[in-house]
Amino acid sequence: ASFTISLHKEDNTTVTIKLGPTLSPSCRIRMKYVIMSELKIKPGDNVTFTFTCSTPEKYFIMEIKKNIDCMSGPCPYGDVHLYPPGLPRLNRTYIWDVQASTKAGLELKFSTPWLRQIEPGEMCPDSISYNINSSIDKATVNIGTFCRNGSVSRIKLLGGVVMSLHLPWHSLLITSGFNIANRASIKRLCIIESILKGESSITLMSPNYPLGFPEDELMTWQFVIPPNLRASVFFHNYSLSNCERKEERVEYYIPGSPSNPEVFKLSDSQPANIAGSFNMSLQGCDQDAQNPGVLRLLFQVVIQHPQVDENVTHLVDLSKEKNMTVKIHLEGWPSQSPLMSEPICLICKDPRTCDRVVTLTSGAVYRISFLCKDLSRLRITAEKGIGCMDIRWCQRKIYSLSVPKVITRLPIRLHMFIWKLLATDLINVEITSPSLKLQQHVQGQRCNTSYSYSIVSATPETELNVGVFCPGGSIEKIQMRNNITISLKTFGKGSINESVPQDLKMSFVPHIKDECTFTVSPNPKSKVYLETPNWLHGLPPYVSISWFIIVPNKQTARLGFSKDRMGIACETGRAFVNIKEEALGAEEIVRREDELLPQPRIMHHNFWVNVSNCKPVDKTQLVLQFWVTLADKQIDLGIILAVVAGAGVLTAIGLTVYCVKKKKKKTQNPMVGVYNANVNTQMPGKKGFFRKGRQNNESHVYAVIDDAVVYGHLLKESNGVAPEVDVYRPFDGPFLPPSLPPSPPPFSFRKDSKRSSNIEEERPPLTDTGQDTYTFAHQKSGQSGDSGDANKKGKGDTSVPLLENKEMGGLVE
């Protein structure tokens with residue numbers, strides 16, 4: 001096709017057609033007999049040309065530049081037209097360079113649907129964009145890039161303006177979409193007017209964004225808001241320059257405000273819930289010449305209807321709390337995009353200080369209100385720190401790890417409450433749940449409550465995820481080393497309020513042996529599952545974990561492991577599982593990482609389970625799960641028969657004693673003490689043990705003297721009541737020293753050791769193997785012993801030491 005372009009000289013318009021970024025030697029411009037790759041048409045020219053290809057829009061672009069003089073002559077007010085007509089359909093850019101004095105600024109007015117500012121590099125949906133630059137003397141300031149369909153209705157600029165319109169080759173736009181309204185002195189860089197109708201959200205940027213706002217400049221945004229709507233301003237991205245004089249700030253002029261202009265720093269929370277139209281100005285400063293820095297600002301204005309309950313306030317009294325922060329935020333914060341595409345929930349500290357995220361700190365009282373149609377989108381995340389630097393001051397203190405009522409009473413769901421427990425190296429943390437106890441969230445035993453606790457122990461080198469726990473289980477106590485983070489997190493539709501009990505306590509304790517120790521009191525009605533910490537990544541190298549399982553007196557426990565082996569290979573050291581029952585002489589079961597784990601077994605007493613890791617090979621990880629169940633003890637039938645037989649024997653002895661006493665009462669002769677000459681009364685010659693030959697002599701036979709004769713005068717003095725004397729009672733207290741977890745073999749032994757359970761330790765006998773007994777005999781009437789024989793027999797056995805007189809005190813006469 002042939003194209004003819006005719007330019008009037010007085011229009012000051014130049015048209016340039018040139019190759020775009022994609023070069024093609026097969027497509028050129030032909031004018032008569034000349035073939036060229038670029039064509040420039042000046043004012044007053046009349047040119048006819050063709051292209052050597054059928055799709056020139058793929059290779060050529062066109063630039064139409066018009067100079068408008070508003071300084072020496074009258075300014076051409078009114079609509080700016082797309083001139084000249086009849087241009088070929090190429091990607092084209094119209095440029096209007098309007099020259100004006102800084103004493104008389106220019107006003108550009110845009111026709112509906114107005115303009116919307118976009119960030120550098122962002123594309124418009126229809127590929128039609130406007131770029132506006134202010135020209136002051138020889139300096140050029142980029143006011144911004146805009147798409148169609150927005151809220152920017154007018155822009156007033158100081159000095160001249162360079163306006164660019166980019167159209168794709170397929171665009172059917174026939175008007176520029178703006179006009180030059182008038183000239184007026186504005187005494188600032190620019191004024192941008194934005195008209196908002198209905199609930200919406202707009203994003204705007206400072207000039208030259210993101211390169212930097214000009215030094216010591218001032219600009220203003222004017223927002224036209226219907227009286228029935230409310231506006232809130234949010235700063236999303238800003239930076240400050242290095243000021244030598246003055247101060248960078250934001251000023252608001254809000255009709256009806258008692259302190260216009262209201263001055264804010266860029267770091268402050270900006271005004272919210274503004275009723276009616278308002279102005280916002282950005283003021284720069286004199287920058288440091290050596291290090292000027294960059295002043296830039298990207299912000300958002302959200303328009304929404306006033307809420308019915310915006311005047312309802314909620315008291316949040318944190319005056320008695322310490323080291324606590326509370327954040328109220330939208331669901332998904334902070335991962336969500338900072339920009340808002342629709343009206344959202346706002347949290348207000350006061351009627352004009354609102355934001356999507358509000359932080360409350362301890363030691364203050366707040367009155368919170370909400371600009372939100374749906375409070376279910378809001379969440380609370382809180383954090384509290386508890387520290388101990390000296391065990392003498394905090395060892396006996398018990399801290400309650402419960403969510404304060406001022407938080408649970410808010411009409412917002414608690415997302416997470418975090419306790420950070422900080423202590424020195426020699427101070428550890430103990431977690432207890434006296435009434436509810438804790439259940440570990442593991443496979444086969446999942447939490448079904450409305451919230452759970454995640455416990456993490458951390459040092460600068462390693463982090464140990466102890467596990468996830470919820471109330472209503474069997475774990476009474478957890479002792480941990482290092483700094484601890486406990487996170488209460490709600491899930492499902494659950495919530496924390498006064499109807500849901502909380503029973504988590506914390507205290508600081510002296511240094512413990514293992515990395516973590518659990519005390520477990522199994523529920524007799526269910527199987528308890530327990531697993532090693534750091535389940536997803538495996539137990540860290542050389543870490544030792546212990547469980548102390550409490551078994552009630554009338555019950556037994558069955559212990560079993562969920563798999564046959566530990567499933568790891570050690571590069572350095574050995575991994576062990578130790579099982580130790582708290583009973584005298586109980587066998588300690590030890591299994592190495594290359595051995596089978598114990599089969600399910602019955603435990604009759606409290607017992608320990610200890611897992612100690614080595615340094616695993618490659619990516620193998622130590623993860624271990626075991627279970628415990630309780631059952632009632634089964635009474636042996638033989639024991640029952642023995643008890644019944646014993647009771648019968650005691651009954652017979654009682655009857656015999658009764659008959660003897662009754663016969664004695666019939667005898668009138670008083671009872672007297674009888675001297676037994678057969679009893680050995682000599683002091684032994686040496687100390688030692690009874691020899692077995694002692695059964696053949698009578699050195700262990702004692703005469704029995706009736707107590708009523710020897711101590712009769714005492715009974716008379718006490719009116720027949722026996723005086724109080726020491727009586728032996730069976731010992732029923734703790735039989736073993738205080739409970740300690742089993743100690744795994746030292747690392748030097750772990751490198752090459754045999755299974756200790758196969759080696760039977762030799763223990764000293766608990767009783768004398770001679771089975772000698774003391775015999776108590778009544779002397780029969782007329783029977784006498786040979787004292788000489790007795791003495792001879794006594795010389796043969798002098799191993800029982802008699803007490804010295806001074807040791808016997810007044811009992812030896």
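**View 1. Strand S22 meets strand S23 in an antiparallel pairing held by three bridges.** This is a predicted model, and here we start with S23, which covers residues 262–264. Look for Val 250: this residue stands opposite Phe 264 in S23. S22 also pairs with strand S25 (residues 278–283), again in the antiparallel sense, this time over five bridges. To find your place in that pairing, look for Glu 251, which stands opposite Ser 281 in S25.

**View 2. The two faces of S22 (residues 249–253) have quite separate surroundings: one is covered and one is uncovered.** Val 250 and Tyr 252 make up the covered face. Arg 249, Glu 251 and Tyr 253 sit on the uncovered one. In a regular strand, side chains alternate between the two faces of the sheet. Tyr 252 also belongs to an aromatic cluster, along with Trp 221, Phe 223, Phe 235, Phe 264, Phe 278 and Phe 299. So Phe 264, the residue opposite Val 250, turns up again here as a member of the cluster.

**View 3. Phe 3 and Phe 51 form an edge-to-face aromatic pair.** A search of the whole structure turns up 21 aromatic pairs. In this one the ring centres are 6.0 Å apart and the planes meet at 65°, so the pair counts as edge-to-face. Phe 3 belongs to strand S1 (residues 2–6) and Phe 51 to strand S6 (residues 46–51), so the pair links distant parts of the chain, 48 residues apart. Phe 51 is buried, with a relative accessible area of 10%.

**View 4. Trp 96 and Phe 178 make another edge-to-face pair.** Their rings are 5.2 Å centre to centre, with 75° between the planes. This pair links distant parts of the chain too: Trp 96 is in strand S9 (residues 91–99) and Phe 178 in strand S16 (residues 175–184), 82 residues apart. Both residues are buried.

**View 5. Lys 527 puts its charged end over the ring of Trp 627.** The spot to look for is that charged end, 4.4 Å from the centre of the ring.

**View 6. Four strands line up as an open, antiparallel sheet.** Follow them across in the order S18-S27-S20-S24. At the edges are S18 (200–205) and S24 (274–275), each pairing on one side only. S18 is joined to strand S27 (residues 293–304) by six bridges, and the two run antiparallel. One handy landmark is Thr 203, which stands opposite Gln 300 in S27.

**View 7. Strand S44 (residues 516–520) is mostly covered, with five of its five residues buried.** Cys 516, Phe 518 and Val 520 point one way, while Thr 517 and Thr 519 point the other way, and all are buried. What kind of neighbours does S44 pair with, parallel or antiparallel? One of each: strand S41 (residues 475–480) runs antiparallel to S44 and is joined to it by five bridges, whereas strand S46 (residues 544–549) pairs with S44 in the parallel sense, also over five bridges. In the S41 pairing, Ile 475 has Val 520 of S44 as its bridge partner. In the S46 pairing, the partner of Phe 518 is Trp 547. Strands of a sheet pair through backbone hydrogen bonds, either parallel or antiparallel.

How values were computed. Residues are numbered from 1 along each chain as its sequence is written. This is a predicted model: local features need pLDDT of at least 70, side-chain atom pairs count only at pLDDT 80 or more; totals for chains, interfaces and linings use all residues. Side-chain values use heavy atoms; hydrogens and water are left out. Buried means under 20% relative accessible area, exposed over 50%, partly exposed in between (1.4 Å probe, protein chains only). Two strands pair if DSSP finds at least two bridges between them. Rings of Phe, Tyr and Trp (its six-membered ring) pair if their centres lie within 6.5 Å; planes under 30 degrees apart count as stacked, over 60 as edge-to-face and the rest as tilted. A charge sits over a ring if NZ of Lys or CZ of Arg is within 6 Å of the ring centre and within 35 degrees of the ring normal.
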